[in-house]
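Here is a short set of exercises to work through with the model open beside you. Try each task yourself before reading its solution.

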Amino acid sequence: AFTLYSLLQAALLFVNAIAVLHEERFLRNVGWGTDQGIGGFGEEPGIKAQLMNLIRSVRTVMRVPLIAVNSITIVLLFLFG
Amino acid sequence: VADPHQLFDDTSSSATALGRGYAAQQPPAVGYPAPGSFLAEPVSSFAMAYGSTLASQGKEIVDKNDWQVRYQQDTPVAPRFDINAPDLYIPVMAFITYILVAGLALGTQNRFSPDLLGLQASSALAWLIVEVLAILLSLYLVTVNTDLTTIDLVAFSGYKYVGMIVGIVSGLLFGKTGYYLLLTWCCLSIFVFMIRTLRLKILSEAAAEGVLVRGAKNQLRMYLTMAIAGLQPLFMYWLTFHLVR
């Protein structure tokens with residue numbers, strides 16, 4: 001069933017997926033680069049600008065903790081299956 | 001005699017000065033020209049006391065109405081002052097009762113084992129976390145300036161457990177028809193409740209009061225409110241249908 005542990009696993013995989021999106025090779029081509037969206041100092045950043053901001057923040061913040069959490073998860077899965 | 005606390009000149013020396021209670025921050029006898037002879041008459045003293053009570057009650061009610069109308073508060077208001085403020089008492093109690101009632105329902109079908117209780121609790125808690133995270137994400141994406149905190153969202157999302165308990169108990173007592181009937185009614189009521197509560201917090205002030213405010217932003221916020229309210233019946237059904245046979 002859906003337990004807290006599977007929620008943690010899903011969250012880890014999801015954050016890994018966001019961290020893996022490459023800035024230059026992929027996001028720029030899709031149009032989601034960090035220098036492309038933020039137009040002007042208007043009042044309302046749209047949903048796309050907010051999403052791009054969110055992706056950039058998650059990648060910046062979670063880069064180092066993800067190394068640690070991934071290593072621990074790999075070791076634990078090796079040991080305990 | 002000019003009293004600095006009085007808002008107006010006291011030009012009366014008769015009993016008609018009784019009703020002006022707004023200036024009556026101090027005992028009404030201060031400022032009257034002849035206090036002794038005035039209070040000597042029993043009827044007038046009684047009338048003065050009554051008038052001053054009425055005035056202070058009226059002032060109290062006006063102050064209380066100010067509290068209830070202003071929903072954008074700076075600090076969270078405890079339920080002692082605002083009876084509609086969200087608190088975690090009902091959600092926590094309802095969550096625990098839901099776990100116990102789920103165990104009871106499983107027991108009547110001979111499917112019970114003690115670790116299933118922990119599984120149900122874990123599952124319901126995980127869905128609650130997913131729901132709160134989804135609401136937080138959508139509130140962030142739509143750039144809503146709201147005073148809804150995370151704990152408020154947890155409280156609002158926890159109110160659906162009451163309906164779930166009612167549904168499961170009616171399913172135990174009256175079978176599937178009872179379950180579906182009462183669950184539908186609880187789903188509708190929590191849908192209406194969430195829309196009415198979240199409308200005040202998410203929509204802009206003008207739109208929340210019922211004035212039709214056109215504009216893409218308000219429309220998006222209304223859709224968001226309806227989506228959040230619509231999630232509740234979905235979860236209520238998802239978390240209970242496997243318990244009622």
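**Exercise 1. Decide whether B:I135 is buried or exposed, and find what surrounds it.**

Keep in mind as you work that this is a predicted model.

Step 1. Begin with the accessibility: B:I135 has a relative value of 2%. The cut-off for a buried residue is under 20%, so B:I135 counts as buried.

Step 2. Place the residue: B:I135 belongs to helix α4 of chain B, which covers residues 114-141.

Step 3. Look for its partners. Leaving out residues up to four places away in sequence, B:I135 touches B:L153, B:S157 and B:I228.

Step 4. Compare sequence and space for one more pair. B:R221 lies 86 residues from B:I135 in sequence, while their C-alpha atoms are 12 Å apart.

**Exercise 2. Describe α4(B): how does its reach match its number of residues, and which elements cover its buried residues?**

Step 1. Check the span. α4(B) has 28 residues and extends 42 Å from first to last C-alpha, close to the 40 Å expected at 1.5 Å a residue.

Step 2. Collect the buried residues. Among them are B:A124, B:L128, B:E131, B:V132, B:I135 and B:L139.

Step 3. Think about the spacing in that list. An α-helix has 3.6 residues a turn, so residues three or four places apart point the same way.

Step 4. Identify the cover. From chain B it includes α3 (89-108), α5 (150-158), α6 and α8 (216-238). Chain A takes part too, with its α1 and α3 included in the cover.

Step 5. Move just past the helix, where B:T143 adopts a positive phi of about 45 degrees.

**Exercise 3. Find out how many salt bridges the structure holds, and where they are.**

Step 1. Start with the total: over all chains there are two. As background, side chains of opposite charge can pair when their charged atoms come close.

Step 2. Take chain B. The side chains of B:K160 and B:E131 form a salt bridge, with 2.7 Å from N to O. This pair connects distant parts of the chain, as B:K160 is in α6 of chain B and B:E131 is in α4 of chain B, 29 residues apart. Both B:K160 and B:E131 are buried.

Step 3. Turn to chain A, where A:E23 pairs with A:R59 and the closest N and O atoms are 3.4 Å apart. Here, too, distant parts of the chain are linked: A:E23 sits in helix α2 (residues 23-30) and A:R59 in helix α3 of chain A, 36 residues apart.

Step 4. Test both ends of the chain A pair for burial. A:E23 has a relative accessible area of 17%, so A:E23 is buried. A:R59 is at 12%, so A:R59 counts as buried as well.

**Exercise 4. Work out where α6(B) is kinked, and how far apart its ends are.**

Step 1. Compare length and span. α6(B) has 43 residues, yet its end C-alpha atoms are only 20 Å apart. A straight helix would reach 63 Å at 1.5 Å a residue.

Step 2. Locate the kink: it is about 150 degrees and centred on B:F174.

Step 3. Visit another residue of the helix. B:T197 is found in α6 (residues 160-202) of chain B. Its relative accessible area is 15%, so B:T197 is buried. The side chain of B:T197 reaches the backbone oxygen of B:F193 at 2.6 Å.

**Exercise 5. Characterise the interface of chain A and chain B: how much area is buried, and how many salt bridges are there?**

Step 1. Count the residues in contact: twelve from chain A and 14 from chain B.

Step 2. Consider the area. The two chains bury about 1200 Å² between them, with 73% of it on carbon and sulfur atoms. In chain A, the residues that lose the most area to chain B are A:F2, A:L4 and A:Q50, together 44% of what that side buries.

Step 3. Look at the polar side. Zero salt bridges are counted between chain A and chain B, while three residue pairs are in polar contact across the interface.

Step 4. Assign the chain A side to its elements. Those that give two or more residues are α1 (4-20) and α3 (47-80) of chain A. The largest share, five residues, comes from α3(A).

Notes: Residues numbered from 1 in each chain as written. Chains lettered and ligands numbered in written order. Predicted model: local features only at pLDDT ≥ 70, side-chain atom pairs only at ≥ 80, totals over all residues. Heavy atoms only, no water. Helix = DSSP H or I, 4+ residues; strand = E, 2+ residues; numbered from the N terminus. Buried < 20%, exposed > 50% of the residue type's maximum accessible area, 1.4 Å probe, protein only. Polar contact = N/O pair within 3.5 Å; in protein donor to acceptor, adjacent residues only side chain to side chain. Expected span 1.5 Å × (residues − 1). Bend = angle between axes of the 7 residues up to and from the residue. Contact = heavy atoms within 4.5 Å. Buried area = accessible area lost by both parts, 1.4 Å probe. Salt bridge = Lys/Arg side-chain N within 4 Å of Asp/Glu carboxyl O.
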